[in-house]
Every structure is written in C-alpha cells, then in structure tokens.
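This report looks at aromatic packing, surface character and local polar contacts, and it closes with the overall fold.

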Amino acid sequence: MHTAVRQRVTFGFATTIDLLSWVIAALLGVKLVATLILLRRDPSVRLITRSGASLWWATKVTPLLAVPCMVLVAAIEHDAASFTIYSMLMLFVAIAVPAVVWRRFRRRAR
C-alpha cells in the first residue's frame with residue numbers, strides 16, 4: 001500500500017527549491033519579455049541598436065541559466081522522470097543556442 005507523503009508548502013525563499021523556482025521563473029520571464037519586444041520591432045532594424053542586441057542575447061543566455069536550475073530542482077526532489085527530461089532539454093539547449101549564435105555571427109560577417 002502506498003502511503004502519501006505530506007510536504008510542507010512554502011512560498012518565497014524558504015527552501016532551495018523555492019529559490020531555484022523563482023530563479024527559473026524570473027529567467028524565463030526575461031526571455032519572454034525580450035522575445036516579445038524583439039518580435040514587435042521591424043526585422044530590418046531589430047538588432048542594430050545596443051538595446052536590440054542586449055535583448056537578443058537575453059533570449060539566448062536565459063535558457064542556458066534556467067535549464068540547469070530545473071535539473072537541480074528535479075535532482076533535489078529525486079524526480080527521475082523530470083531529471084531525465086530536463087537533462088535532455090539541457091543537451092538540446094547546449095547544442096541549439098551556440099548554433100544560433102554562430103549562425104548569426106556568420107551572417108553578420110558577410
């Protein structure tokens with residue numbers, strides 16, 4: 001028979017998982033806002049300004065910081081399924097983000 005484990009619900013920064021969850025939410029929020037701002041701009045001038053370039057970098061760097069936090073949360077919670085999924089996501093992000101960055105700089109060099 002399976003016995004339910006009662007966990008104490010916390011809010012804020014009471015535990016490591018709470019802190020990591022807020023970091024994940026903040027980073028993905030920054031990515032969302034930066035993406036929306038960039039998409040509203042005209043594509044021909046999207047990356048010309050310093051703010052445009054900063055926003056572009058924000059959309060690339062935030063997943064590299066958020067996904068390891070997700071992996072850590074899954075590891076702390078001993079959640080094997082989430083750990084596996086987030087680890088595969090980290091592998092994808094670790095390959096996709098540099099590829100996009102390199103593609104942009106190759107295009108810019110031409």
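Trp56 has a relative accessibility of 9%, and because the limit for a buried residue is under 20%, Trp56 counts as buried. This value, like the others in the report, comes from a predicted model. The neighbour in sequence, Trp57, has a relative accessibility of 35% and therefore counts as partly exposed. Under the ring-pairing rule applied here, the count comes to 1 aromatic pair. That pair is formed by Trp56 and Trp57, with 5.2 Å from centre to centre and 85° between the planes, in an edge-to-face arrangement. The assignment follows from the cut-offs, because centres within 6.5 Å make a pair and planes over 60 degrees apart count as edge-to-face.

Trp57 also belongs to a nonpolar patch on the surface, in which it is joined by Val61, Leu64, Leu65 and Phe105, and the accessible area of these residues together is about 390 Å². Which helix gives the most to the nonpolar patch? Helix H2, which covers residues 50-76, does so with 4 residues. Phe105, by contrast, is found in helix H3, which covers residues 80-109. With a relative accessible area of 34%, Phe105 is partly exposed, and Phe105 could enter the patch because membership requires over 30% relative accessible area.

Thr62, another residue of helix H2, is buried, with a relative accessibility of 5%. A polar atom of the Thr62 side chain lies 2.8 Å from the backbone oxygen of Ala58. When residues up to four places away in sequence are left aside, Thr62 touches Leu27, Val30 and Lys31.

The loops on either side of helix H2 each hold a residue with a local feature to inspect. Thr49 lies in the loop between helix H1 (16-40) and H2, and at 37% relative accessibility Thr49 counts as partly exposed. The side chain of Thr49 makes a polar contact of 3.2 Å with the side chain of Ser51, and the Thr49 side chain also reaches the backbone nitrogen of Gly52, at 3.0 Å. In the loop between H2 and H3 lies His78, whose phi is positive, at about 55°, although His78 is not a glycine. Is His78 buried or exposed? Its relative accessibility is 72%, and since a residue over 50% is exposed, His78 falls in that class.

The accessibility values of the residues discussed above are collected here.

| Residue | Relative accessibility | Class |
|---|---|---|
| Thr62 | 5% | buried |
| Trp56 | 9% | buried |
| Phe105 | 34% | partly exposed |
| Trp57 | 35% | partly exposed |
| Thr49 | 37% | partly exposed |
| His78 | 72% | exposed |

For the protein chain as a whole, the model contains 3 helices and 0 strands, and the elements run α-α-α from the N terminus on. Of the 110 residues in the protein chain, 25% are buried. The chain exposes about 8300 Å², and carbon and sulfur atoms supply 69% of that area. Among contacts between residues at least 6 apart in sequence, 53% join residues that are at least 24 apart.

Note on methods
Residues are numbered from 1 along each chain as its sequence is written. This is a predicted model: local features need pLDDT of at least 70, side-chain atom pairs count only at pLDDT 80 or more; totals for chains, interfaces and linings use all residues. Side-chain values use heavy atoms; hydrogens and water are left out. Rings of Phe, Tyr and Trp (its six-membered ring) pair if their centres lie within 6.5 Å; planes under 30 degrees apart count as stacked, over 60 as edge-to-face and the rest as tilted. Buried means under 20% relative accessible area, exposed over 50%, partly exposed in between (1.4 Å probe, protein chains only). Patches are made of residues with over 30% relative accessible area and no salt bridge: like charges are joined within 9 Å, nonpolar side chains (Val, Leu, Ile, Met, Phe, Trp, Tyr) within 5 Å. Accessible areas come from the Shrake-Rupley method with a 1.4 Å probe; for residues, only the protein chains shown count as cover. A salt bridge is a side-chain nitrogen of Lys or Arg within 4 Å of a carboxyl oxygen of Asp or Glu. Helices (H or I, at least four residues) and strands (E, at least two) are DSSP runs, numbered from the N terminus. A polar contact is a pair of N or O atoms within 3.5 Å; within protein, one must be able to donate a hydrogen and the other to accept it, and residues adjacent in sequence count only if both atoms are side-chain atoms. Contact means heavy atoms within 4.5 Å.
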